[in-house]
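Visitor: Could you take me through one part of this model closely, and then show me how the backbone behaves in a few loops elsewhere?

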Amino acid sequence: MRGAVSKKCGQSGRDRFGIRKAEFGKRNSESGIWKAEFGKRNLESGIWKAEFGKRNLESGIWKAEFGIWKAEFGKRNLESGIWKAEIGKRKAEIKNQRSKIKKSKLAMQVPFALGYILTQPFGANPLDYARFGLDGHEGLDLIPQGNDKKVYAVESGVVIQDVDDPVQGKAYGIHVVIYAPVNRRLWTYAHLAENYVKTGERVLRGQPIGLMGATGNARGAHLHLGLRTADSNGNPINLPNGFKGFVDPTATLNQLNGLEQAAWDRANAAQPWMPVNNTAALWRFAQANGLQDQQTDEISFTYNGEPYITQAFNKGIVYVKVGDWGNIKFIPK
Ligand SMILES: [Zn+2]
């Protein structure tokens, strides 16, 4: 029993040792696996660290790029601000120009750009004018509102008289007479410092024709504006009316600056037109040939690629090639 027990015990101790060895081997093996695992993890950690370093570097690069972008964006904002300021400045300039144009058009109250002040009405001071054989002042004395001293035509027409010598002009000094054939009106602009037009020249309403002055019989600078009614040849009628044919221009001037100015603006806005012949060659031809009143304005047309102008009168139609003013043709009605 004892032997059996000891044998049993001896066998048992050896077995246990074997088991422990096996266990140790197993543990060693596990340890090796763990070490391998640990090494693997270390390697992975190293790879991760490298990756992290790389990402950090990339992040640094991104941050640097972001900084550049921010700087660029700031620069663009600044540029945008400069552009906005520039655009604002241009807009203001355009607005200013437009308001100037609008102002000059809307406020055009001829014979001055921005309206006038009456300093002596028609028929005034009969005693002063008796020595000229007149019943009183034979026109309107006007001075401009604002600083523009230029004199503007009150009605379109043809210059039939321009006197540049103040002595030759006598009481009227430097002066201009413009005939508006459609309405048979003769306009006298007197006491000018200078006139800008020549006899035979066609002028448009609102065109500057001279500069206000005090030439001739004038006390202080002003414009003397005279109006006479004419026959179809441009000669004044009703001469023995006490004012040598002159009549009060007030009503006509108000009409020209009121309803007619509105119609003029409308027509100009619808179809811009321009004087194609500043010397009014067709009109003078018609006058010289007794064709009576004009029925249309000058009308431009093209034939075989060449520019012509034509105009209708009571007795027929005249036409001329632009530039060939000495060769006007006539088609009788
Ligand atoms: Zn006067």
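Guide: Gly316 stands opposite Pro332 in E14, and that contact point is a good place to enter the sheet. This is a predicted model, in which local features need pLDDT of at least 70 and side-chain atom pairs count only at pLDDT 80 or more, while totals for chains, interfaces and linings use all residues. Residues are numbered from 1 along each chain as its sequence is written.

Strand E13, residues 316-321, and E14 pair in the antiparallel sense over 4 bridges; two strands count as paired if DSSP finds at least two bridges between them, and the labels come from DSSP runs numbered from the N terminus, with helices (H or I) of at least four residues and strands (E) of at least two. In general, strands of a sheet pair through backbone hydrogen bonds, either parallel or antiparallel. Here the pairing belongs to an open sheet of 4 strands, antiparallel, in the order E11-E12-E13-E14. Its edges are strand E11 (299-303) and strand E14 (329-332), each of which pairs on one side only. From one strand to the next the twist averages 30 degrees, where axes are lines fitted to C-alpha atoms (for helices over the stretch in contact) and angles run from 0 to 180 degrees between N-to-C directions.

Helix H5 (residues 281-288) lies across strand E12 (306-313) and E13, running at about 135 degrees to E13; contact here requires C-beta atoms, placed from the backbone, to lie within 7 Å.

Turning to the loops, Asn183 and Arg184 both belong to the one between E5 and E6, strands that span 174-180 and 185-195. Asn183 is partly exposed because 14 other C-beta atoms lie within 10 Å, the rule being that 20 or more such atoms make a residue buried, 12 or fewer make it exposed, and anything in between is partly exposed, with C-beta atoms placed from the backbone. The C-alpha atom of Asn183 is separated by 9.8 Å from that of Asp231, 48 residues apart along the chain. Arg184 has a positive phi of about 50 degrees although it is not a glycine, and it too counts as partly exposed, with 18 C-beta neighbours inside 10 Å.

Asn238, in the loop between strand E9 (223-229) and strand E10 (246-247), likewise has a positive phi, of about 55 degrees, without being a glycine. With 13 other C-beta atoms within 10 Å, Asn238 is partly exposed. Finally, the peptide bond from Val110 to Pro111 is cis, with omega near 15 degrees, and Pro111 is found in the loop between helix H1 (2-106) and strand E1 (116-120).

Definitions and conventions:
Contact = placed C-beta atoms within 7 Å.
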